[in-house]
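Trainee: I should like to go through this model by way of its strands, one helix and the core. May we begin once it is displayed?

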Amino acid sequence: MEVHPITGVFGAEITGIDLKSGLAAATADALRAALAHHLVIVLRDQHIDVAAHQALTRVFGTPAINPYAPGPDAHPEMTTILKEADERTGVFGGGWHTDLSFLDQPPGGSVLAAIDIPPYGGDTMFLSQQAAWDSLPEPMKSLLDGRNAAHVGKPYGIKWAPPVEEQAMKGSTKRGDPDADRERLHPAVMTHPVTGRKGLYINPTYTLRLDGMSEADSAPILNQLFAHCTLPEHCLRLRWSSGMVVVWDNYSTQHYAINDYHGFRREMRRSTFDNDGIAAWRG
Ligand SMILES: [Fe+2]
């Protein structure tokens, strides 16, 4: 197995592995280490079926069901992310976010496999929350370190729900859940339990305010932070190819699904895993 960094900041392409032929314990260890250090790992030309997808997921943690977008009964931890060629709505995951950060236990990461991809477009962007933390000025670090931020599930609740015509995957996602409007507090800065690196844990989709401050007083600070996180130096952009598989660390990154492939069908299969839970990241 070889690890090839994608940028000078994060992300790595893994070669020399065939996920269809089973995973030896040493390979699983190497994949976990690669994810811990590179945060997003890419494996090309894998064409994994559901069983191989489940096996890869278990390398990183316990498979978890997305309560707002469960998969089919046979394998509910596998969400199909689908946009048909004639759909003109927004796209699932269009907007910078970490998945489900408004839950008490947000998922630790995901495994996303390309099933049917457009000839061009439909890229996924990631940013490193560790890089964003590292490059913050010291006064901002002091303001954030040790402080909680409040998260709410805006797209899935009532109070902030987007107009129905803008909702992606309407038929297969749960909406209008009053519990999604409830604030959940998580540290604004978290520490990776393996590498000890600190990273921001805020995102513009779900983070409502900083603890100890109102929404209005938080807004200019959070908006400045969100702009800082998305600087090109903190980002990478993945172009999908047939059979590609990507694994990401959901606590140390944000991602963004680019909605630029109208007229083409795009289908992905995504599993989610829990690791040791957010308590291990409090540093
Ligand atoms: Fe997402």
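Trainee: Which residue of E12 does Ala150 stand opposite?

Mentor: This is a predicted model, in which local features need pLDDT of at least 70, side-chain atom pairs count only at pLDDT 80 or more, and totals for chains, interfaces and linings use all residues. Residues are numbered from 1 along each chain as its sequence is written. Strand E8 (residues 148-151) and E12 pair in the antiparallel sense over 3 bridges; strands are DSSP runs (E, at least two residues) numbered from the N terminus, and two strands pair if DSSP finds at least two bridges between them. In E12, the residue opposite Ala150 is Arg209.

Trainee: Which are the edge strands of the open sheet E9-E8-E12?

Mentor: The 3 strands are ordered E9-E8-E12 with antiparallel pairing. An edge strand here pairs on one side only, and this applies to strand E9 (184-187) and strand E12 (207-210).

Trainee: What is the handedness of the crossover from E2 through H1 to E3?

Mentor: E2 and E3 run parallel and are joined by 2 bridges, with Glu13 opposite Val42 in E3. A crossover is right-handed if, with the strands pointing away from the viewer, the path from the first strand over the helix to the second runs clockwise. The β-α-β crossover through H1 is right-handed.

Trainee: Which residue of E14 is the bridge partner of Val42?

Mentor: Val40 and Val42 point one way from strand E3 (residues 40-43), Ile41 and Leu43 the other way, and all are buried, that is, with 20 or more other C-beta atoms, placed from the backbone, within 10 Å of their own. E3 and E14 run antiparallel and are joined by 4 bridges. The partner of Val42 in E14 is Val246.

Trainee: Which members of the largest nonpolar core touch the most other members?

Mentor: A nonpolar core is a set of buried Ala, Val, Leu, Ile, Met, Phe, Trp, Tyr and Cys residues joined through C-beta atoms within 7 Å. The largest one has 58 residues, and those touching the most other members are Val40, Val42, Ala188, Leu200, Val245 and Val246.

Trainee: Why do the buried residues of H2 lie on the same side of the helix?

Mentor: In helix H2 (residues 50-60), a DSSP run (H or I, at least four residues), the buried residues are His53, Leu56, Thr57 and Phe60. They lie on the same side of H2 because the arc they cover around the axis, taken from the directions from the helix axis to the C-beta atoms, is only 105°.

Definitions and conventions. Buried ≥ 20, exposed ≤ 12 C-beta atoms within 10 Å, placed from the backbone.
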